[in-house]
Amino acid sequence: MDCLFCKIAAGEIPSKKLFEDDTLLAFYDIDPQAPVHFLVIPKTHISGADAITPENSAIVAHIYEVIAQLAGQLGLTGGFRVVSNCGADAGQSVPHLHFHVLAGRSLAWPPG
Ligand code: 5GP
Ligand code: ZN
C-alpha cells in the first residue's frame, strides 16, 4: 500500500524511533510542534480515528499503555497532550491512524 506511515512502520522509510514492538511504532515527528513531539502508530493500516472498529480497537488501548510508559521514561512530569487529527477539518495530513504526543511547554487550549 502506498502509505507513508506503513512504509515507516515497515522500515522502508527511516525514522527516529523511540519504541517499537510487534504491533506499534513510536517515532519522533519530523516537524516538531513542541520540545517533545512524537507519534505512535499501529503497524497495521488503519486510516484514522473514524476507522476504529470492535475488531481493531485493541491497538488503541495498547497505544495508550505505551504512551504512559514512554511519558514516564521521558520524564514528562509536567504533563503532555495526546492528539489524533481525523479528517480534513482537523487537518489530518497522513491517512494512517496516529497519535501525536506533545510535551515540554505549556500547551494552549482550545487548539486552533
Ligand atoms: P497530521 O497532520 O496527520 O495530524 O500529522 C502528521 C504528522 O506527520 C505531522 O506532524 C508531520 O510533521 C509528520 N510527518 C509527515 N511526514 C513525516 C515523515 O516522513 N517522518 C516523520 N517522522 N514525521 C512525518
Ligand atoms: Zn498505512
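Q: Let's start with the ligand. Which residues come nearest to ligand 1?

A: Happy to start there, and keep in mind that this is a predicted model. Ligand 1 has 16 residues around it, and the nearest of them are D29, N85, S93, H98 and H100.

Q: How do I read the polar contacts to ligand 1, and which atoms of the protein take part?

A: The idea is to look for pairs of N or O atoms within 3.5 Å. Here the side chain of H98 places a polar atom 2.8 Å from an oxygen atom of ligand 1. The backbone contributes too: an N or O atom of the G91 main chain is 3.2 Å from a ligand oxygen, and a backbone N or O atom of V94 also lies 3.2 Å from an oxygen atom of ligand 1.

Q: How much of ligand 1 does the protein bury?

A: Compare the area of the ligand alone with what the protein covers. Taken alone, ligand 1 exposes 520 Å², and 82% of that is buried by the protein.

Q: H98 has come up already. Where is it found, and is it buried or exposed?

A: H98 sits in the loop between β4 (81–83) and β5. For burial, the cut-off is under 20% relative accessible area. H98 counts as buried because its relative accessibility is 5%.

Q: What surrounds H98 within the protein?

A: Leaving aside residues up to four places away in sequence, H98 touches F5, L39, V40, I41, V83, S84 and Q92. Closer along the chain, a polar atom of the H98 side chain lies 2.6 Å from the backbone oxygen of H96.

Q: Now the interior. Why look for nonpolar cores at all?

A: In soluble globular proteins, nonpolar side chains tend to be buried together, so a cluster of them is a natural thing to look for. In this model the largest nonpolar core has 18 residues, and L24, F38, V40, I59, I63, I67 and F99 have the most contacts inside it. Two or more residues each come from β2 (24–28), β3 (36–42), α2 (58–73) and β5 (99–103). Of these elements, α2 gives the most, with seven residues. A second, separate core has 10 residues, including L25, L39, I41 and V94.

Q: Could we zoom in on one core residue? What does F38 touch?

A: Not counting residues up to four places away in sequence, F38 touches L18, A26, F27, Y28, D29, L70, L74, F99, H100 and V101. Two of those names, D29 and H100, also belong to the residues that come nearest to ligand 1.

Q: Stepping back, how are the helices and strands ordered along the chain?

A: Read the elements from the N terminus on: α-β-β-β-α-β-β. That makes two helices and five strands.

Q: How do I judge the overall shape, and why does the radius of gyration fit a compact globule?

A: Compare the value with what the chain length suggests. A compact globule of 112 residues would have a radius of gyration near 13 Å, and the protein chain has 14 Å, so the two agree. The C-alpha trace spans about 35 × 30 × 30 Å along its principal axes. As for burial, 34% of the 112 residues count as buried. The chain exposes about 6500 Å², with carbon and sulfur atoms supplying 55% of it.

Q: And what share of contacts joins residues at least 24 apart?

A: Among contacts between residues at least 6 apart in sequence, that share is 53%.

Q: One last residue: is D22 buried or exposed?

A: D22 is exposed, with a relative accessible area of 73%. It lies in the loop between β1 (17–20) and β2. The C-alpha atoms of D22 and K43 are 7.8 Å apart, with 21 residues separating them along the chain.

Methods: Residues numbered from 1 in each chain as written. Chains lettered and ligands numbered in written order. Predicted model: local features only at pLDDT ≥ 70, side-chain atom pairs only at ≥ 80, totals over all residues. Heavy atoms only, no water. Core = buried A, V, L, I, M, F, W, Y, C linked by side-chain atoms within 4.5 Å. Buried < 20%, exposed > 50% of the residue type's maximum accessible area, 1.4 Å probe, protein only. Helix = DSSP H or I, 4+ residues; strand = E, 2+ residues; numbered from the N terminus. Contact = heavy atoms within 4.5 Å. Near = heavy atom within 4 Å. Polar contact = N/O pair within 3.5 Å; in protein donor to acceptor, adjacent residues only side chain to side chain. Areas by Shrake-Rupley, 256 points an atom, 1.4 Å probe, with all protein chains shown as cover. Rg over C-alpha atoms; globule rule 2.2 N^0.38 Å.
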